[in-house]
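Me: Please take a close look at a single part of this model. I would like the packing around one buried spot, and then how the interior is built.

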Amino acid sequence: MSSTTAFVGLGLRLKAVVRWPLDKLLVWGIKLLASIRTYFRPQIIYKPLGPNELRVLALYPPLTNRLDEPVHCSLHHVSLDHTPEYKTWEKQSDPDLCLYKKTRAWVKYVEAQKVEGDPYFKRNGVMRHTWGDYVTLSYSWGLGIQDHWVIIDGQFVAVTESLYLAMRTIRKGGLHVKSPTHPNYRLWVDAICIDQQNASEQGREVRRMKTIYGDSIGGFIHLGAASDDSDLALNNINSIAQSLRTGYDCSKWLVNISMEPETSWATPAIKAIIKLLSRRYWSRMWIIQELAMGQDQMVLCGDSCSSLIDIRQVLRLFVLNLEQVVAIIGYEGYIENTDSFQCALALLWWIGRVRELVTQPKDSESVKYRNLRSPILGLALYASATDPRDKIYGMMGMLPAVLASKIDKKGKNYELTTREVFLGFSKAVIETTGDLDIIYTSQLLQSKKSNLGLPTWATDWTLKNCRTASIDNSMEWYFGLEDGEDQLRDTIPSTTSDAGQLSRADGGKIRNIHFSDDGELLFCEGFCIAIVDGHASELIAAQSDTLAMSSFPDLVVQPEAHGVCPYGDSSGMTEALGRTLLLDPLGVAFSKCPIFQIPWAGPDADSDAQTGECTFGDDSFAFFAKLRENGWNTAKFGGSFISFEFLRRRLGLFQIAGRTFKDYFPQTISQGPPPDIDCTSIKDIVSNSICRRLITTKSGHIGMAPATVATGDAVYVLIGCAFPVILRPGKNAGQYEVVGECYVDGFMKGEAIRGLDDRHYHLQQMILC
């Protein structure tokens, strides 16, 4: 080390020693002055917001390097009126652009103008208002305990720890009034910028959340303090996402790691990523709309960051290679985080689809239940909310205006009970869509677990979702893409007919739906098409707190021998079974996935079929090795090959048309399918089977029913339902309770409606209670 370097180092240390007491005194003075001001004015005095105004925070840079120096900011009323330059561009832009899509188009336009040397845009950048522009902050409210303090306009204001950490991180990142790059950016934070003591203002601002987030110039997501190797997680997310963009085969990389996870340098990073994606933030109800409507969010945790797009791509990689990920982190580690990880999976997987829906032109089309179910209603079932009514109100900004208007009571929302809100929502969806499909959104054990006493056709949104959607099932795994992700675009199998209509059991017949005066009973029309005479065992989800839906999950009831096969011959029965497993009435997915070409796994599988267990002994691993030798690439099964094998063994001895389930598969290993054959639909079979049972009916039809099905249950086609429904007699004569949807192959495309015409079936009024 040279003498000059040593001298400089000594000088810096001396400077730090001298500054330490001065900085301590300065922070003490700042706190003292704020305490005095807070004593005389203990609360922020909020002035009413004008018609086109917003409150925003201006952050100030720290005066010292001390961690105990409070975050200092000021609250401003700003007009959202745009600059003449923005208005001129807006008139020339695509009128169908809205929310974040319009902002992205504006940013691209400004960058192009700067390249051309336009002095205005070189000076003002992307600012759309005379005062500058704003970014939003999305963060976890946690337990809501306000035990930290920030200084706003000179006085102390109590905030939660998560908000305090978020503001400090953003300020440290350079977003403050003296920033050399972002001096005119302001921050919008719901907890501060909305008067939380003014219920009327709260209601108005909640209704325009869609605009606030969608019209921002950018956004931050803060996951909380650094912990559980979160820095390692975010740094590796950035690296993996970059590898995906360059075309690197990250699936093969995960396979290699899973072979020897104990010795791989990447194992701790993958464990850290799973921990990061299991944080409580991802399960908050309100963040669904914050992420769906927000603009180009950066995800912060501690002092590390990544983009939401990169996190989504890494999550997608992990889901499509889930079995390798589980092998890397260990089964116990996966089970420990499964429930919270499931929330992140649903949210980040579907958020692209939510954005597609909320940015559609207002007059684009009528409201369809399938667009609500996957993803918006599905996400609400996974999410958590401190106030259960927010499970509904948190969706309002994402719902079509005609439906949201039926839910919004204009300032009186929180005067309703939770039961009234949930019951009113189910009724509003039925009235808006004209369909009854929401009646089988309920959790299967709702009648036992819910304390709200709801009718069986209405959903208790506080109960955890237990099965995949059955309506337009292809959308359940539609990833939904952001700009710049086109090279990863998913192919979505068509689930509509040539006329563009969704396949429906009721054939699209005109509905006759109404409610009793008190809203408790639902009146519709329907008829019985089948009686259940056999069912397989239940497949239980591998989650830490998930129990079987039925009282006897291992119970198998073999069906009676049927003299006539309604599907023609054995080939027709095999196709019907494939469509049933995929909930695929048109057979589009089945035609592309070689389900029944996968060989049966030999003696181990035979033994497991007897017990209903899944042991995977030496014979099984030898069998898997032979599969690979013959061209069966198990990594192409959407991360679900082992799960599918477990499902096959559990159903192995169930009789279908005189043959056991295992007999539908080849008993010897043949050459694998061509490399371009898509086997990822296997994951759909696994997810569809969870909390459901394979069934047969007295007429010889096969289907997929809720796990709570019992022999003797009656299956109905209700006019207004896309799927047949299992109903049981209610306590009062003439009334029926909803058990759940029931896929029955041969009745999914309106076939039963033809039976009405020839009087094989008889339409009757149904009363659902």
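What follows is a walk from one residue outward to the nonpolar cores.

Reply: This is a predicted model. Start with Met748. Met748 sits in the loop between β19 (743-744) and α27 (751-757). Its relative accessible area is 2%, so Met748 counts as buried, the cut-off being under 20%.

Now its surroundings. Leaving out residues up to four places away in sequence, Met748 touches Ser503, Arg504 and Ala505. Further contacts of Met748 are Pro585, Ala722, Phe723, Pro724 and Tyr743. Take Arg504 from that list. Met748 and Arg504 are 244 residues apart in sequence, yet 5.7 Å apart in space, C-alpha to C-alpha.

Next, the interior as a whole. The largest nonpolar core has 200 residues. Ile439 and Leu718 have the most contacts inside this core. Helix α15 (residues 331-358) supplies the largest share of the core, 14 residues. Apart from this core lies another one, of 20 residues. Its members include Ile695, Val717, Ile726 and Ala752.

Ile439 deserves its own list. With residues up to four places away in sequence not counted, Ile439 touches Ile430, Thr456, Trp457 and Leu522. Ile439 also touches Leu718, Cys721, Val725, Val738 and Leu768. Leu718 thus appears among the contacts of Ile439.

Last, the cysteines. A search of the whole structure finds zero disulfides. Cys691 is buried, with a relative accessible area of 1%. Cys769 is buried too, with a relative accessible area of 16%. Cys769 falls in the buried class because 16% is under 20%.

Notes:
Residues are numbered from 1 along each chain as its sequence is written. This is a predicted model: local features need pLDDT of at least 70, side-chain atom pairs count only at pLDDT 80 or more; totals for chains, interfaces and linings use all residues. Side-chain values use heavy atoms; hydrogens and water are left out. A nonpolar core is a set of buried Ala, Val, Leu, Ile, Met, Phe, Trp, Tyr and Cys residues joined through side-chain atoms within 4.5 Å. Buried means under 20% relative accessible area, exposed over 50%, partly exposed in between (1.4 Å probe, protein chains only). Helices (H or I, at least four residues) and strands (E, at least two) are DSSP runs, numbered from the N terminus. Contact means heavy atoms within 4.5 Å. A disulfide is a pair of cysteine sulfur atoms within 2.5 Å.
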